[in-house]
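Here are my notes on the model you asked me to look over. I've kept them as numbered points so you can go through them with the structure open.

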Amino acid sequence: MSEALQPAAFLDRDGVINVDHGYTYKPEDMVFIDGARTAIRRLNEAGYLVVVVTNQSGVARGFYSEVDVERFHAHMQAELGKAGAGIDAFYSCPYHPEGTVAEYRVDHPDRKPKPGMILRAFADLPIDASRSFLIGDRPSDMAAASAAGIPGYRFPGGDLDVFVAGVLLQAGIAAGPN
Ligand SMILES: [Mg+2]
């Protein structure tokens, strides 16, 4: 195993990092989940690459554009920076098989529960998959993690930092003493 490889914490976005208002895309509607900034900083400091993997079928449905998604992520990153935290990569899936926008009406391998976004991150970034995990709030997140061969932890709501601290403890126990 190369020492350059890092474990990754894959995070679903809506309902995990920010409050899910339903097709949230306006920067002014971005409200962090309790503890989200601290949780991401904790992951940064623990040596994890923090990778967002988010379905954004609102693009396929014509509610907003890919540029809007990027703008939302830029705002999130800027706000995280104020808290000394940062996301290493954002992957979003604009496709949906029943979308109204023709170019996005695709049953795409990136759309969770499929693992495409996670697998792309494995290819793009220096990730040690064997020490990586995903946190999401839906069964489709757990299915994507499973399909990518990594553990999935379902966030039930509440304080994300408390939850992440528990996941890191479990991940450490699972990995055994170094
Ligand atoms: Mg979610």
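**Notes on the metal site, the pocket and the packing**

1. Let's start with two aspartates: Asp14 and Asp137 are both buried. Keep in mind throughout that this is a predicted model. The two matter for the next point, as both are among the residues that coordinate the magnesium ion.

2. The magnesium ion has Asp12 (OD), Asp14 (O) and Asp137 (OD) as its donors, at 2.1 to 2.3 Å. Note that Asp14 is listed with O, while Asp12 and Asp137 are listed with OD. Along the sequence the donors follow the spacing D-x1-D-x122-D. Asp14 sits in the loop between β1 (8-11) and α1 (36-45), and Asp137 in the loop between β4 (133-136) and α5, so this pair ties together parts that lie 123 residues apart in sequence.

3. Next, the largest pocket, with a volume of about 340 Å³. It is lined by 18 residues, and the closest to its centre are Asp14, Asp20, Asn55, Ser57 and Arg138. Asp14 therefore turns up twice, as a magnesium donor and among those pocket residues. β2 (49-55), α2 (57-60) and α5 (139-148) each give at least two residues to the lining. What is the lining made of: how many nonpolar, polar and charged residues? The split is 2 nonpolar, 8 polar and 8 charged.

4. On to the aromatics: the whole structure has 7 aromatic pairs. In one of them, Phe10 and Phe122 have ring centres 5.8 Å apart and planes at 80°, so I'd call the pair edge-to-face. Phe10 is in strand β1 and Phe122 in helix α4 (residues 116-124), so the pair links distant parts of the chain, 112 residues apart. Phe10 counts as buried because its relative accessibility is 0%.

5. Phe133 and Tyr153 make another edge-to-face pair, because their ring centres are 5.7 Å apart and their planes are at 85°. This one joins strand β4, which holds Phe133, to strand β5 (residues 152-154), which holds Tyr153, with the two positions 20 residues apart in sequence numbering. Both residues are buried, and together with Tyr48 they form one aromatic cluster.

6. Phe133 shows up again in the largest nonpolar core, which has 29 residues. Along with Ile17, Leu43, Ile135 and Leu160, Phe133 is among those with the most contacts inside this core. β1, α1, β2, α3 (66-82), β4 and α6 (160-175) each contribute at least two residues. Which element gives the largest share? That is α6, with 6 residues.

7. Two backbone details are worth a look. Lys112 and Pro113 are joined by a cis peptide bond, with omega at about 20°, and Pro113 lies in the loop between β3 (89-93) and α4. Tyr23 is not a glycine, yet has a positive phi of about 55°. Tyr23 is found in the loop between β1 and α1, and counts as partly exposed because its relative accessibility is 39%.

8. Last, Arg71 in helix α3. With 45% relative accessibility, Arg71 counts as partly exposed. Arg71 and Lys26 are 45 residues apart in sequence, with their C-alpha atoms 8.2 Å apart in space.

How values were computed: Residues are numbered from 1 along each chain as its sequence is written. This is a predicted model: local features need pLDDT of at least 70, side-chain atom pairs count only at pLDDT 80 or more; totals for chains, interfaces and linings use all residues. Side-chain values use heavy atoms; hydrogens and water are left out. On a 1 Å grid over the protein atoms alone, a cavity is a set of points where a 1.4 Å probe fits but cannot get out, and a pocket is an open set with protein on both sides within 12 Å along at least five of seven lines; lining residues have an atom within 4 Å of a point. Grid points are joined across faces, edges and corners, and a volume is the space filled by probe spheres set on the points. Helices (H or I, at least four residues) and strands (E, at least two) are DSSP runs, numbered from the N terminus. Ala, Val, Leu, Ile, Met, Phe, Trp, Tyr, Cys and Pro count as nonpolar, Asp, Glu, Lys and Arg as charged, and the others, Gly among them, as polar. Donors are N, O and S atoms within 2.8 Å of the metal (3.2 Å for Na, K and Ca); water is not among the atoms, so sites may look incomplete. Buried means under 20% relative accessible area, exposed over 50%, partly exposed in between (1.4 Å probe, protein chains only). Rings of Phe, Tyr and Trp (its six-membered ring) pair if their centres lie within 6.5 Å; planes under 30 degrees apart count as stacked, over 60 as edge-to-face and the rest as tilted. A nonpolar core is a set of buried Ala, Val, Leu, Ile, Met, Phe, Trp, Tyr and Cys residues joined through side-chain atoms within 4.5 Å.
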